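Me: I am new to this structure and would like a close look at a single part of it. Please begin there and then work outwards, so that I can place that part in its surroundings.

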Amino acid sequence: MTLLFMRSCVVLLCIAFATIHPISHLHAQNSPASQNWTRLPGTAVDISINSDGQAYVVAPDGTPWRWDAEEQRWRKMSGDFVRISAAEGNRPWAVSSDGVVYRYNGLWWENKDTDVVDVAADTLGNVYIAKVDGALKKWNPLRSEWRQVDGTAYRIALDMTGNPWAVARDGRVRSFDGKDWINMPGRATDIAIGGNNAVVIVDAEGQIRMWDPARRSWRIVAGVDGAKATAAAPDGGPWAVIEGGAIMATTLLVAPEKIKTEKGRAPQSRAPQAVAPVENAPEAVASGVAATPISPPGAVPPPPAVAAPSSAPVPVPGIVSASDVSADAAGNGASQGASRTVAPSGGNDPVLDPATITTSEDITFTDTRQTAKVVSIGRDGSVFGLDAGGSIYRWSNSRRRFEDFPGTLVRIAVDADGNPWGISTLGRVFRHTGNLWKQIPGATGSDIAIGGDGSVVIADASGNLSKLNDTMTRFDRIPGQGISVAVAPEGTPWTIRSDGLVQRCDTSPCKIIRQRAKNISIGPDGSVYVVSDTQFLMRLAANGEDFEVVLTPGHIPESVAVGPNGFPWVVTKDTHVLASKFFDRDEQADRRIAASTAGDTTGSGNTAAVVDIPSDNAFTFSKNITFETFTTDLNTVDAMTVGQNDGFYIFGSPLSQGAKQLLKFNTKTKKFEQVSLSFSQDLIVFDVASDDSIWTNGNSSSSIYRLSSNGTVQRTYSVTSGNIRDLSIGSDGTVYVVIDDRLYHLKPGTNAFTKFNNDDVRKVAVGRAGDLWIADANNIVQQFTGTRFENRPLGQSTKIEDIGAGSDGSIYVTVLDGNAYVLKKWNATNSSFDKVNNINADKVDVLSDGRPWITDTNSNTDAKRAKD
């Protein structure tokens, strides 16, 4: 390995580390996908990446260039083209400006057809072309000829099965499932598909969007504007060519760095002076996609690589301990500890469980190219995950991805047989028996964990611990305290208290370990991992008192799960899932179990609060909140909403008394900007989906319209005629609408609104994992329990004016108090609405991080947003 190459690797590691860890706070999963874009050297008019990570661009002068992932630079190729597609090995296909399609054979370009506008190829040998007349053809390598296939296209991309997605000249998008073409929403000018089947488009406004199959919508990837072409890396990370030809990437194509820990000591990272290789790169000349080839006046060297500032934690060599903690009120010392539980190292014991043997291997993390909010691992190696909306996924080794599993939860654990257990948004406890979901009668909790011996322990919102009895009929209270729990192989609970301190509860009171953390997990071998409050991944040292840093270069850990032999999986702050081991197991029955599962995770009976470890980085509630005020320049405010994209929208009459306007808050300029709509009707009842589509009834009493972001009617749904009072969209894409005093809903993938139940309803709001809240016909606030709506607080009748719900679980209401409306937040732990003392508000909605937007239309038309 040369010194230059070593330096280049370290430089790229620093760049990737700074890129993935920006100073600004990342938003929640349901808001527009905010990526960290890195500008690569050179300019281009087209770009392509295959599933093996080979990348190509066409420069404005028509020259093709290949990305050298080892030396991190572009390498010039021969040819003169306007379109290019990566394929098998270093054998790309390309289209010239006069419509000739070529294949590179390793030495020269071979002419394969004429009158071609686009080509798409993959690493499996599939190749499609789009002809000038729109005809779609597939290459037959055995006959060395093209075979016409059904469909038309102007731009093409191939998914992981080799099936094409096509963009027509008018921008319509369609996908081929092997039998039929399926019309997709939206309009595009370019399309690409990543190695994880992530579909990326450039929309008509030059924005990068990614396909969200759960919601069947295109989700904006923020950070670049004026995109002209796009590609997707093997992990689905978008690349883009933007106005002027700049090449932008969210995922750098570098080999995974090996992460090592040696004798519990974390090596200190010292980057040498950044030295970028100076090499020919695509010419830096802006041009259109169909630029006329020109003679290259000389290559422009790439800009020097400079590591951007980062807010990521800096690795510290050696054992890392928190500062001394004073004894608590009960007199618990901070220096008490116990030896680390380590399983036998092997031998010929026939009853020894291999999962309990602690690995001696280096910890090497691999990005699975999948995302999740949290993961959990069973003793058999089964890995389950939850997304921000509470949907359940099961990891497939054979398909290298998470696959759908029925149910919705906010906490999850996995037993020794690979069956998931969990807690719903209402605090109810469920277990999967292998063929159905079953509720544990009367049990409620806030967190759940399962030990290697089968012990199932839950913690409630007040920090009390309970353990499942042997007959699995009830949870019995046990000594210990904490709001987050993990269980050691012999059944000992470990917890994190509300103040972040880690405890081991093998005695009463629990013993404090000198470490603060936000997440904890214990493997079947006894390895204890935490994510510290400073966002290090840490492992309990052999002395049982201190925690060692385990480095995750380029990633900020958010949560951890430990599997067999002490191998951890990590979910990062930007929801990437990292694996240090793929556990061998028989997966043949997984899909059958998922498809045949009976029951659900709704349940009935008692409910309870589900709380999180307080985070310094998250918005936290107090009875006084600081708000920022923003002028709308409206004369009246008729409606306002926080969309699933976290955008804030407000509708009303302008000061000029002209036609009513829709305004959207620009988070960069911190000003409201008018949204020009072709839809001329009112938006007094409306919400905005994750793909920026606007759902409203307009002035209709029997229709719900799905509009594009500029107001074009995309679809009209007929509904029961009546007074359409309210509309709200859940994180899973379900659309709820109140008509007269009944609630209807449209589930994703369905075509008609159906009645939800027969309760009287006036307003509706949807929180985390489908948590449904309403104001009834008498304006009494209620929460859905799975079978019916119950007053909140239970047994009381709280009249509200408005209600808003965040995907983090925050619920706010406005209540008339004397002559003014006040803002209150639901406190599930105390079963009460706590008043925000310093503000008046009659309209409210909530961002995904829990911050409310409010207006007080009785006094003015200003909008206010809670500060971070």
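Is Asp845 buried or exposed?

Reply: Asp845 is buried, because its relative accessible area is 12% and a residue counts as buried when that value is under 20%. Please keep in mind throughout that this is a predicted model.

The residue itself belongs to strand β70, which covers residues 843-846. Once neighbours within four places in sequence are set aside, the contacts of Asp845 are with Met640, Thr641, Val642, Gly804, Ala805, Arg851, Pro852 and Trp853. With one of these, Thr641, the contact can be described more exactly, since the side chains of Asp845 and Thr641 are joined by a polar contact of 3.3 Å. With another, Gly804, the separation along the chain can be set beside the separation in space: Asp845 and Gly804 are 41 residues apart in sequence, yet their C-alpha atoms are 4.1 Å apart.

Several of these contacts lead on to other elements. The loop between β65 (789-791) and β66 (802-805) holds Pro793, and the peptide bond that leads into this proline from Arg792 is cis, with omega near -5°. A second cis bond runs from Ser508 to Pro509, with omega near 0°, and Pro509 is likewise placed in a loop, here between β41 (501-504) and β42 (511-522). These bonds are worth a pause, because most peptide bonds are trans and most residues other than glycine have a negative phi.

That second general point has its own exceptions here. Asp115, although not a glycine, has a positive phi of about 55°; this residue sits in the loop between β10 (109-113) and β11 (116-121), and its relative accessibility of 47% is why it counts as partly exposed. Arg369 also has a positive phi, of about 65°, without being a glycine, but Arg369 is found in a strand, β26, made of residues 366-371. Arg369 is partly exposed as well, because its relative accessible area is 36%.

To return to the later part of the chain, Asp862 is found in the loop between β71 (852-855) and β72 (863-866). Beyond neighbours within four places in sequence, Asp862 makes contact with Thr629, Phe630, Thr631, Thr632, Ile854 and Thr855. Asp862 also lies 9.9 Å from Thr636, C-alpha to C-alpha, although 226 residues separate the two in sequence.

Another buried polar residue offers a useful companion to your starting point. Ser703 lies in strand β56, residues 703-707, and it counts as buried because its relative accessible area is 12%. Not counting residues up to four places away, Ser703 touches Thr696, Asn697, Thr716, Tyr717, Val719 and Ile724; of the pair Ser703 and Val719 it can be added that they are 16 residues apart in sequence and 5.5 Å apart from C-alpha to C-alpha.

A third buried residue leads towards an enclosed space. Arg394, in strand β29 (residues 391-396), counts as buried because its relative accessibility is 8%, and its side chain makes a polar contact of 3.3 Å with that of Ser382. Ser382 is in turn among the residues that line the largest cavity, together with Gly381, Val383, Trp395, Asn397, Phe583, Arg585 and Glu587. This lining divides into three nonpolar, three polar and two charged residues, and the cavity holds about 40 Å³ of space.

Val383 provides a link from that cavity to the nonpolar interior. In the largest nonpolar core, which has 24 residues, Val375, Val383, Phe402 and Trp569 touch the most other members. Strands β27 (374-377), β29, β43 (528-532), β46 (557-562), β47 (568-572) and β48 (576-579) each contribute at least two residues to this core. Apart from it lies another core, of 22 residues, which includes Ala461, Ile522, Val530 and Leu540.

Finally, the setting as a whole can be put in a few numbers. The protein has two helices and 72 strands, and of its 868 residues 57% are buried. Among contacts between residues at least 6 apart in sequence, 50% join residues at least 24 apart, and the pairing of Asp845 with Gly804, 41 residues away in sequence, spans such a distance along the chain.

Note on methods: Residues are numbered from 1 along each chain as its sequence is written. This is a predicted model: local features need pLDDT of at least 70, side-chain atom pairs count only at pLDDT 80 or more; totals for chains, interfaces and linings use all residues. Side-chain values use heavy atoms; hydrogens and water are left out. On a 1 Å grid over the protein atoms alone, a cavity is a set of points where a 1.4 Å probe fits but cannot get out, and a pocket is an open set with protein on both sides within 12 Å along at least five of seven lines; lining residues have an atom within 4 Å of a point. Grid points are joined across faces, edges and corners, and a volume is the space filled by probe spheres set on the points. Ala, Val, Leu, Ile, Met, Phe, Trp, Tyr, Cys and Pro count as nonpolar, Asp, Glu, Lys and Arg as charged, and the others, Gly among them, as polar. Helices (H or I, at least four residues) and strands (E, at least two) are DSSP runs, numbered from the N terminus. Buried means under 20% relative accessible area, exposed over 50%, partly exposed in between (1.4 Å probe, protein chains only). A polar contact is a pair of N or O atoms within 3.5 Å; within protein, one must be able to donate a hydrogen and the other to accept it, and residues adjacent in sequence count only if both atoms are side-chain atoms. Contact means heavy atoms within 4.5 Å. A nonpolar core is a set of buried Ala, Val, Leu, Ile, Met, Phe, Trp, Tyr and Cys residues joined through side-chain atoms within 4.5 Å.
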